[in-house]
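Trainee: Could you walk me through reading some helix features in a model? I'd like to learn with the structure in view.

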Amino acid sequence: MSSTKRTPEERLAGEAPRAASKASVAVAASVAVALVVLGNVVANARSNPPWLSPDRRIIGTKFEVLRERAAEVLVLGDSSAAFGVDAGVLGEALGRSASNLATFGRFEVAGSAWTLDEYLRQHPAPELVVAVHGARTWWLHASGIDLAQLPLEPGYWRARAPQRALAWRELGEYALAHWLPLYTQHAAFARALRGGPLGVPERPAIALDGTMAIGEEEARWANPEAFLERTVRPELAALAGQAGQAGQAGQAGQAWAVPQDQRAAAAALVAQAEAHGFDLVFVSAPHWDALAAVPEHAAVIAATEAFLTELAARHPRVHLLPGGPSLFARGEVENPYHLRAEAAARYTRELAEALRALLPSR
């Protein structure tokens, strides 16, 4: 008995091709876009989901600490403060509760001001704010993608001090990073962006007071030489080139001046100290001792400290910790600005002693 069932080839050959209409293409595209939007809306509904990139997870956790915990001493700043200051050690030494809300230098000094502003909206003013920034933070410029990492309302850079005007490109970057987090803040994206699965080594546990520590797992990726040669020196060379184009006199690095955006951010921190009556102490962050042999880097520190010295002279509540940055040996750092855990604990004890000496009556 023969079968009348056609083979797949025969069936395919007899099928009439279906032409796609403009309407069907539009519907299919709309459904695809809607699914992407829905997925990202759901992703945005979670403040700190597990799929976040390591740096975005750190930022989200720091802001959870900010909103859930009031403290008498706040540490603000970049990653040199985030990894270099142990809030538990600092609080015990000063006899005060302390939180470390420092994040990353790519937010510039403005990131510290916006973080402090958010803290003051949630809690009473602290007694002391310690703002710790490395030299590199003072010359960086935050992109729209960077600004989207801070878990604040869209347009916060216009509503909070220091106010910032963004170019159209930066606004577009912000929109992509803020409303498409599955593509811009996912761990896989971070790995691709940073150059492979081992590109983001910092995955530290974060204590309830915001303290982070670089342990053995992170420290095994320590390579401050590579960071210096591939990142710091090229950035310093670019600064020298910009100074030359602007017609500034002097040798490379020596003509560098604190940018206006950074000055405005420091002024915003000062304004909060005066308005709320707490002491504000600026600190030049600790770093790898090899940076001291880089004249352009030393020139940035000198210019920054001259600016902060003049700022402190005009405001009784504002201080600059004397003595310049503390220096640490090769085995005590992960990169030129990140202290390992033991060095961070020692530095924090020294910082507490210096703060007590600086503010003996307070």
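**Reading helices, step by step**

Mentor: Gladly! One thing to keep in mind is that this is a predicted model. Let's begin with helix H3, where Pro54, Asp55, Arg56, Ile58, Ile59, Gly60, Thr61, Lys62, Phe63, Val65 and Leu66 are buried.

Trainee: How many of the 15 residues of H3 are buried?

Mentor: Eleven are, so H3 counts as mostly covered, buried here being under 20% relative accessible area.

Trainee: What should H3 span, and how far apart are its end C-alpha atoms?

Mentor: The idea is to allow 1.5 Å a residue. For the 15 residues of H3 (residues 54-68), that gives an expected 21 Å, and the end C-alpha atoms are 21 Å apart, so the two agree.

Trainee: Now for packing. At what angle do H6 and H14 pack?

Mentor: Helix H6 (residues 108-122) and helix H14 (residues 260-276) pack at about 25°, and their axes lie 7 Å apart. Angles under 35 degrees count as roughly parallel, so that is how H6 and H14 run relative to each other. Their crossing is left-handed.

Trainee: Which residues in H6 meet H14?

Mentor: On the H6 side they are Glu108, Val109, Ala110, Ser112, Ala113, Leu116, Asp117 and Leu120. Their partners in H14 include Ala265, Leu269 and His276. By class, this contact has nine nonpolar, four polar and three charged residues.

Trainee: And a single residue: is Thr348 buried or exposed?

Mentor: Thr348, which sits in helix H16 (residues 341-358), is buried, with a relative accessible area of 0%. Setting aside neighbours within four places in sequence, Thr348 is in contact with Gly84, Val85, Asp86, Val89 and Leu90.

Key:
Residues numbered from 1 in each chain as written. Predicted model: local features only at pLDDT ≥ 70, side-chain atom pairs only at ≥ 80, totals over all residues. Heavy atoms only, no water. Helix = DSSP H or I, 4+ residues; strand = E, 2+ residues; numbered from the N terminus. Expected span 1.5 Å × (residues − 1). Buried < 20%, exposed > 50% of the residue type's maximum accessible area, 1.4 Å probe, protein only. Axes fitted to C-alpha atoms, helices over the stretch in contact; angles between N-to-C directions. Parallel < 35°, antiparallel > 145°, perpendicular 65-115°, else oblique. Left-handed = near helix turned anticlockwise from the far one by under 90°. Contact = heavy atoms within 4.5 Å. Nonpolar A, V, L, I, M, F, W, Y, C, P; charged D, E, K, R; others polar.
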